[in-house]
Amino acid sequence: MLDIEIDGKPMQVAEGSTILDAAYKQGTYIPHFCYHKKLSIAASCRMCLVQVEKAPKPMPACATPVTNGMKVQTHSELAVNAQKGVMEFLLVNHPLDCPVCDQGGECQLQDISVGYGGGTSRYQEEKRVVANKDFGPLVNTDMTRCINCTRCVRFTQEIAGKMELGQANRGEHAEIMSFIGQTVDSELSGNIIDLCPVGALTSKPFRYSARSWELSRRKSISPHDGLGSNLIVQTKHERVMRVLPLDNDSINECWLSDKDRFSYEALNSATRLTKPMLKHDGKWHEVEWQQALDYVAHAFKDIAKNHGAAALGALAAPHATLEELFLMQKLLRGLGSGNVDTRLRQSDFSLDGKRSGAPWLGMKIAEINTLDRVLVVGSFLRKDHPLIAQRLRQAAKRGSQVSLIHSTDDEILVKLFAKAIAAPSQLPVLLAQVVKSAAEQKAVGVDANIASVSVTPEAQKIAASLVSGANSGIFLGNFVQQHPQAATLHALAQQLASIIGAKFGYLGEAANSVGAYVAHAVPLAGGLNSAQMLAEPLKGYLILQAESELDSANPQLAMATLKQAATVVVMSPFKLPAALDYADVLLPVAPFSETSGSYINTEGRVQSFNAVVKPFAETRPAWKVLRVLGNLLGLPGFEQNSSEEVRAEALSGKPEFVADQLNNQAQGVVLTLSSTSQGTERIADVPIHFADALVRRAPSLQQSRDAALPAARMNAVTLAKLGVTQGRQIKVKQGAGVAVLAAVLDAGLPDNCIRVAAAHPLTASLGAMQGTITVEAN
Amino acid sequence: MSIQPILLAGLDASTADRTWRLADYMQRGGYAALKKILAENISPEAVINEVKKSSLRGRGGAGFPAGLKWSFMPRNYSGAKYLVCNTDEGEPGTFKDRDLMRFNPHQVIEGMAIAAYAMGVECGYNYIHGEVWDLYTRFEEALAEARAAGFIGQKILGSNFNFELFAHHGWGAYICGEETGLLESIEGKKGQPRYKPPFPASYGLYGKPTTINNTETFAAVPWIILNGGEKYLELGKPNNGGTKLFSVSGHVVKPGVYEVPMGTPFPVLLEMCGGMRNGKLKAVIPGGSSAPVLPADIIMDCTLDYDSIAKAGSMLGSGAVIVMDESVCMVKALERLSYFYFEESCGQCTPCREGTGWLYRVVHRIEHGQGRPEDLDLLNSVTENIMGRTICALGDAAALPVRSFTKHFKSEFEYHIENKKCMVPPEVQREGSNIYVTPNRVPSC
């Protein structure tokens, strides 16, 4: 520790701290623009100049390391003169158009100029004008306002992993721009809006809609990926106006993915369901809640009476809250049916009954940064888990060896130590090679089931890396969870983890994937899982927050089954187009912003939130709807008066973590390494902006590059083998379903594989996400 | 006064452009210093000591003692270390390295090889200004000669000393002459100075320990090794060892590059240049455009060394002596200089990016009869706000001319502001600026 003095106040700081760190610790404010705690130091705005004893010139506090005995004056005449001088320079070419600037009221330049700027400008010359740039549908530019702090440039390079912005030209001609003709396409691009200390980069969807001081700030939790990003939702007149990150270093730090940030647009979408609807004589009628719920209660009672309760099933999206899922399973089980599931995109359920607890990340999110060896298996990492990818990016930069086993070779923007790419059917063998190699290198016994695999150099390289680590982590991505041999992959990862002493876990697919297990919204003994519920048609279905035509492992099968069912009750915030066909009742239930509830994120953290706005139109929180439905069905245990009461029942208390319920260990899994696949394999990703019902309806996100139309991607070998010409429209087929897609060359794919995205209307008629697929060239 | 040239020794102005090749350099005694070091197995420490004794100061402008700089390089560093030669000569008025590189490139190569040996460096770059393309191509040729002759490369002259040297050209940005901006540029990035610390000796090219010296500094090294540091020091004066190249431009009879010992009185240099071309000496910028201007009476009492010029309130800088006679309008001269710094500011840090444009616009206004009474105070205040507050020295470089011009020639500026016209009649100015246009060199248009 070093002894220093800031403004006469003595303090101790750690070696290597800068003056700005020390001042922050002490609570002394030093004005700054270019400095940001998560970015490299530029020391270019010069706003943080302070006086340091014995230094002839004022020093930038952000870049000057403290030395023992250093005496710093942040408000001396020299310091304040320097700061005021810099402020004046920053304003000479700034347009000072605050009255028409969207940043007004939350602008660092505005705030600091109140303290350090002059009342009038001494600059009487012509001001600089900078042409605006097209950064895409999310970020608006007013480049004349830019003060060249380069925070956005450093963000794209250091945090988002790809230099999409730069400062071109020199001196006064310097301007921030993207590559010529290119937009900013990072899945984290919205963060540059927060980082911009002036009004140069503002939110395109939000701009001109409200002033920052008119907005109420409410805390919430992101309903999308398994991270559970902390949000500040800003509202005005009971309408969500925009979403900002809430700093939480153990979860999302100060970042948000674009999905978390801009999906709010869907909350105000015209496709919202306004009133309960009943289908009668093939026509839809808006009805009162009472009538709709009576109808549902009667229908479910009838089915239970005539066909047995086992003819009822419930399918919920893992984006539903803990409370909703808990009441849903309680309702079904109260009626006598154990057919409850949330794992809609899963196809291998053979781990059920063999698990020791809810599958989870296997560690705290913040621990990811500390790992020295990482293996990611089967994950579209950047798009499925943008901020976990960001943590791995930082870990890799610090020297962690990150390896990847997957079926596609997308631009991951994490420095990989090794990677092995294979067709989905070959992933188990590939992982088995790593397990075998690791066992050999560690000189422990090799499992007889995998003893016969021959280890490729890549697998050996991955194993060697893992074996050499002191603190390793193995992560199974969404692709593994959806894989037809998910149990085998799980068992292999478990073996590998035990051989090398690593932690292993799942990158949770959705905001409440862990919560679904904790709420028992998964089939227990005797209940049917989601695949069985669709393969063996039931009479009545309750669908909660899910959009089955896009959220299912096999949408073709899901649609066929739901269409023939006697009663399908859909609880959703949206008027789902396909549901108009297959459903009988549509109940408008609240999205995350209009209900209180809880999500349990991938590290097992329980995060509760309140509604940020009143429910839209006749919408009701789903937990209330389920609770009333329970009453109407005459079931016991539906007396809760608040979501907190439901949570207390589901979690027994108010824990911060559900640590005791989390366990990735599974016993008695039979390894099946043999490939079951013949013909051409489909590799299906869930594109980031099609992953759930909310984000699909966010117009600005739908214009981004990540929302491009799905294509039929394959490598040159596959293209040639199938006789397909790159760029042509081709028909891809699964079962009776056909999709017409552009054929695209993707050199990163394995042979005999076609990558066709799931969760998109264009491909919704196709079958299993990871099944075989045929092509009709034309 | 007899002057012994070191850097330009053996060169004849009329043939110099043809005697740059290895054979010519060898004839002049070239590579003897490198051979001596390797043959006699002189230790790197001894080489650095000799350079320290010589009191050779950095010739790029800052005048930092070269030997001291070399001793900052970590001795037992396990990774790569780099040596960089700064031939990014871009300051208005400076053209000494151009002549050195044109007429004596092998001297630079030899100096660099010796420096590399002294610091245990195996890889060097010579960063050459992009607007003198022929220097770059010539240096590449010289490198090929030296490589073929075994003066650079692996196992130099049969020893265990390896040193590979590469030429690298910029594209003409002034800021790339700033040493860390230069490093960024070699790395393929935009030439923008880095914040220091860390200094290049600990975090330089590609993040490795790096020493950067000016071309002329390297060129002086072989002589020092052959003749001893003390002898070099004796050539000049205490704390200002050796000889120095001065690039003299402006209203003198024979502008050009002159090598004189440090401490030579300014009038001697002026005489070597044939004296004033026309008219009377008005002012001199003694060290390149960023050095404060000195009026005639002050400069005539100065000797040409770091200390004397500093005492007079300016800088010896790179030794670019810009001589101005009475035909020069100081407002117009400053306008031109301010425009240069406005155009060449890298745009990274605020005071320089915004301040240089402000300075230029105000001076421009004064020159064009739009000056206001408060402008001189404004200029002074803006320069105060720039100086000492920027990442690199370009901010100061832009401010110093403004401060010195308005200080020493205040009356001219005041006249401009008051009378909306120049103190020096236009025809006198035209006469003065046209002196180099001889009939056969007038462009055809």
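This talk walks through a few places in chains A and B of a predicted model, beginning with a sheet in chain A.

Let me start with that sheet, which is open and has seven strands in the order β14-β13-β24-β23-β22-β15-β16 of chain A, with mixed pairing. Its edges are β14, residues 283-286, and β16, residues 340-341, and each of these strands of chain A pairs on one side only. If you look at the β16(A) edge, you will find that strand β15, residues 312-316 of chain A, runs parallel to β16(A) and is joined to it by two bridges; in one pairing to look for, L315(A) has D341(A) of β16(A) as its bridge partner. Helix α8 of chain A, residues 322-335, packs on this sheet, where it touches β15, β16 and β22 (540-544) of chain A, and the direction of α8(A) makes about 170° with that of β15(A).

Staying in chain A, I would like to turn to D584(A), which is in the loop between α19 (579-582) and β24 (585-588) of chain A. What is the nearest side chain of opposite charge to D584(A), and how far away is it? It is K279(A), at 5.2 Å, and because a salt bridge is counted only within 4 Å, D584(A) has none, although D584(A) is buried. What the side chain of D584(A) does reach is the backbone nitrogen of V568(A), at 2.6 Å. Leaving aside residues up to four places away in sequence, D584(A) touches M277(A), L278(A), K279(A), W284(A), Y295(A), A566(A), T567(A) and V568(A), so please note that K279(A) and V568(A) are both among the residues in contact, given that contact means heavy atoms within 4.5 Å.

Further along chain A we come to strand β29, residues 729-734. Which of its side chains are buried, and which are not? I730(A), V732(A) and Q734(A) point to one face and are buried, whereas Q729(A), K731(A) and K733(A) point to the other face and are not buried. This follows a general pattern, because in a regular strand the side chains alternate between the two faces of the sheet.

As for the pairing of β29(A), six bridges join it to β30(A), residues 737-745, and the two strands run antiparallel, with V738(A) of β30(A) as the bridge partner of K733(A). The hairpin that β29(A) and β30(A) form has two residues between the strands, and G735(A) in that hairpin takes a positive phi near 55°. β29(A) is also joined by three bridges to β32(A), residues 774-776, again antiparallel, and there K731(A) is partnered with E776(A). R728(A), in the loop between α24 (716-722) and β29 of chain A, is partly exposed, with a relative accessible area of 45%.

Finally, chain B. Helix α8 of chain B, residues 179-186, is mostly covered, with seven of its eight residues buried, and among them are L182(B), L183(B) and E184(B). The buried residues of α8(B) pack against β1 (82-87), β2 (123-128), β3 (164-169) and β4 (210-214) of chain B. After α8(B) comes G188(B), whose phi is positive, near 90°. In helix α9 of chain B, residues 215-227, we find T217(B); is this residue buried or exposed? T217(B) is buried, with a relative accessible area of 0%, and, not counting residues up to four places away in sequence, T217(B) touches L56(B), G58(B), R59(B) and A66(B).

Definitions and conventions:
Residues numbered from 1 in each chain as written. Chains lettered and ligands numbered in written order. Predicted model: local features only at pLDDT ≥ 70, side-chain atom pairs only at ≥ 80, totals over all residues. Heavy atoms only, no water. Helix = DSSP H or I, 4+ residues; strand = E, 2+ residues; numbered from the N terminus. Buried < 20%, exposed > 50% of the residue type's maximum accessible area, 1.4 Å probe, protein only. Lys, Arg positive; Asp, Glu negative; His and termini not counted. Polar contact = N/O pair within 3.5 Å; in protein donor to acceptor, adjacent residues only side chain to side chain. Pairing = 2+ DSSP bridges. Axes fitted to C-alpha atoms, helices over the stretch in contact; angles between N-to-C directions.
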